[in-house]
Amino acid sequence: MNALHALPEWAAILVALCLLAGALITLAGTIGLTRFPTFYQRIHAPTLGTSFGAAFILVASMIYFSVSEARPVLHELLILIFVTITTPITLMLLARAALYRDRAEGHDVAADAVEAERGETTGH
Amino acid sequence: MTSTILSLAISTSQLVLGIAMCLSCWRLIKGPRAQDRVLALDSLYLNAMLMLVTFGISTSQTIYFEAALVIGLLSFVATAALAKFLMRGEVIE
């Protein structure tokens, strides 16, 4: 931790808030991944981390390096753009593969979803 | 003062991301099916990438940025290949 540069107060507070927000949003997405009952609900949860979690942490990194080196350091945008573009592609491929596997085994996904919904509302 | 705030925030966010990685590992081990494991692996890649970015901030070195970029690329390739494998039974036809 000794290698931390001394930042002006506004920058340090901004970086700290962005880091904490990003980490907590990512944790919320991962808790959703472990807690939701079906795969088609679980696949939505980690996208919290890939959209806003990654954005906040990468913005914190951009602010930190820009202020400490006194020049604009924007190369974290590369990761942000790449993650934003690739996440929908991979998750759509994965959801289609899961749907194909469920149908090949004879599961009716829509009927299971209705059943789960009914079970939740009656409290089972 | 400001570096105390910053180092506290960095270690807290590393702890939180570590908990997130543990939860992803739990889903990776528990399953119950192959697509859940692939999803958990994708989430684990993302958490590791964000963890490397926080390491980069705490050591003030930009070398961690390149490692994070490589992990992001690997995450895309690995998840796309595994989804293709689940769909077709082989990766390269």
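Polar contacts across the interface of chain B and chain A come to seven residue pairs, both partners at pLDDT 80 or more; a polar contact here is a pair of N or O atoms within 3.5 Å, where within protein one must be able to donate a hydrogen and the other to accept it, and residues adjacent in sequence count only if both atoms are side-chain atoms. On the chain B side of this interface, α1 (2-30), α2 (34-59) and α3 (63-88) each put in at least two residues, and α2(B) gives the most, with 18 (helices are DSSP runs of H or I, at least four residues, numbered from the N terminus). That side of chain B splits into 29 nonpolar, 18 polar and four charged residues, with Asp, Glu, Lys and Arg counted as charged and Gly among the polar ones.

The rule also picks up three salt bridges between the two chains, each needing a side-chain nitrogen of Lys or Arg within 4 Å of a carboxyl oxygen of Asp or Glu. A:Asp102 and B:Arg33 pair up this way, at 2.8 Å from N to O.

Overall, 57 residues of chain A are in contact with 51 of chain B (heavy atoms within 4.5 Å). The buried area is about 4600 Å², 80% of it from carbon and sulfur atoms; this is the accessible area (1.4 Å probe) lost on putting the two parts together, summed over both.

All this comes from a predicted model, where local features need pLDDT of at least 70, side-chain atom pairs need 80 or more, and totals for chains, interfaces and linings use all residues. Side-chain values use heavy atoms, leaving out hydrogens and water, residues are numbered from 1 along each chain, and chains are lettered from A in the order written. The model scores ipTM 0.88 and pTM 0.86. Chain B averages a pLDDT (the predictor's per-residue confidence, from 0 to 100) of 90, and 100% of its residues score at least 70.
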